[in-house]
Protein chains: 2
Amino acid sequence: MPTTLHAELRQRKPFASLEQEAMLSIARTAAVLEHGAAEVLKPHGLTPTQFNALRILRGAGAEGLCRNEVRDRLIARVPDATRLLERLCEMGLVVREREGQDRRFVRARITRAGLELLDALDGVMLGLHRRQLGHLGERKLRALVELLAEARDGS
Amino acid sequence: MPTTLHAELRQRKPFASLEQEAMLSIARTAAVLEHGAAEVLKPHGLTPTQFNALRILRGAGAEGLCRNEVRDRLIARVPDATRLLERLCEMGLVVREREGQDRRFVRARITRAGLELLDALDGVMLGLHRRQLGHLGERKLRALVELLAEARDGS
DNA sequence: TGACATCGCGTGTTATAACACCTATAGTTC
DNA sequence: GAACTATAGGTGTTATAACACGCGATGTCA
């Protein structure tokens, strides 16, 4: 039973199991979509992870978030959120400062430049997602979101 | 309309579009699943990408494959397949040699040690995939595979 | 209140990814 | 057959990921 994925990866042997095929399908789809996002973000000097972190900080508002909170909200966990934020700082998109009673926390907040960059990217990314997935239509997209949520329940 | 994904990523704002939610769902699911795979592979000294490359070479059989062919079959494209194969060589899992009329090609072939490692990992990975996705059941898994294939058509 | 554990961050180091550039072989065209 | 182009590989460098460890701040408990 040759599938689309077989052709894409030029494989001849059948999958070992349906679970494996699903696993590879998810990984392959994510890789293709993320590659598209990386292409769009590159001219703006951002990686997908940096873009993700920046959006998290925008969502947090003026109060900002501490390092570990940012780390835990990232789509893919990174073991070194310190330097991820540090790079955003160097770009002038984020500021960090120790404030509050508990002097262990370092609050990271998005700057005006960061907000402006994200605002400019909103339309671009919306268009990208539409190009990448819009052809599925609402019904199938909802079904996909539902199935993926159920898939994540296993781990 | 708060979703499961909202809770996972501790987000409060609604998604900008259904396409964006689907995009994030796919990325998040892939990250969770790949993290599980990485954990399983780590004790064996392999990254998911290296494991993927090794499986490709097993599929190719005794003839092996040239560098670019391996690169193009990888789930996620890497721009430096040379050193990916080089590391597998250093581990003794792969051998490379220039052979054939066209002396530009470097054929990479899996070694006996590589085959033995993969054989040992087959059961482990099968069990992992079953744990991660088995609870979905055949019908939903097939639906998921189908939807993801359709999603990739856009790019 | 002093010892201890916990927590939040940062740093140092190594491995890998990412990008641009270079070499060698093979085919193409005049 | 000489110049040109395309293809397959490799190399050098920089940025980032991954991992282990250390430091200072806070909480806890004898």
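These legends describe close-up views of a predicted model with two protein chains and two DNA strands.

**View 1. Chains A and B superpose by rotation.** A rotation of 180° with 0.0 Å of shift along its axis places chain A on chain B. The RMSD is 0.0 Å. The two copies are therefore related as by a two-fold rotation axis. The same surface serves both copies, with 98% of the contact residues of chain A recurring in chain B.

**View 2. Chain A meets chain B.** Here 55 residues of chain A contact 55 residues of chain B. On the chain A side, α1 (4–8), α2 (18–41), α6 (112–133) and α7 (137–152) each give two or more residues. Helix α2(A) gives the most, with 18 residues. By class, this side of chain A has 26 nonpolar, 14 polar and 15 charged residues.

**View 3. Residues around DNA strand C.** The surroundings of strand C comprise 22 residues. C66(A), R67(A), N68(A), R104(A) and R103(B) come nearest. At least two residues each come from α4 (67–73) and α5 of chain A and from α5 (81–90) of chain B. The surface near strand C divides into 6 nonpolar, 5 polar and 11 charged residues.

**View 4. Residues around DNA strand D.** Strand D is surrounded by 21 residues. The closest are R103(A), C66(B), R67(B), N68(B) and R104(B). Helix α5 (81–90) of chain A and α4 (67–73) of chain B each supply at least two residues of the surface near strand D. By class, that surface holds 6 nonpolar, 5 polar and 10 charged residues.

Definitions and conventions. Residues numbered from 1 in each chain as written. Chains lettered and ligands numbered in written order. Predicted model: local features only at pLDDT ≥ 70, side-chain atom pairs only at ≥ 80, totals over all residues. Near = placed C-beta within 6 Å. Helix = DSSP H or I, 4+ residues; strand = E, 2+ residues; numbered from the N terminus. Nonpolar A, V, L, I, M, F, W, Y, C, P; charged D, E, K, R; others polar. Least-squares fit on C-alpha atoms with pLDDT ≥ 70 in both. Contact = placed C-beta atoms within 7 Å.
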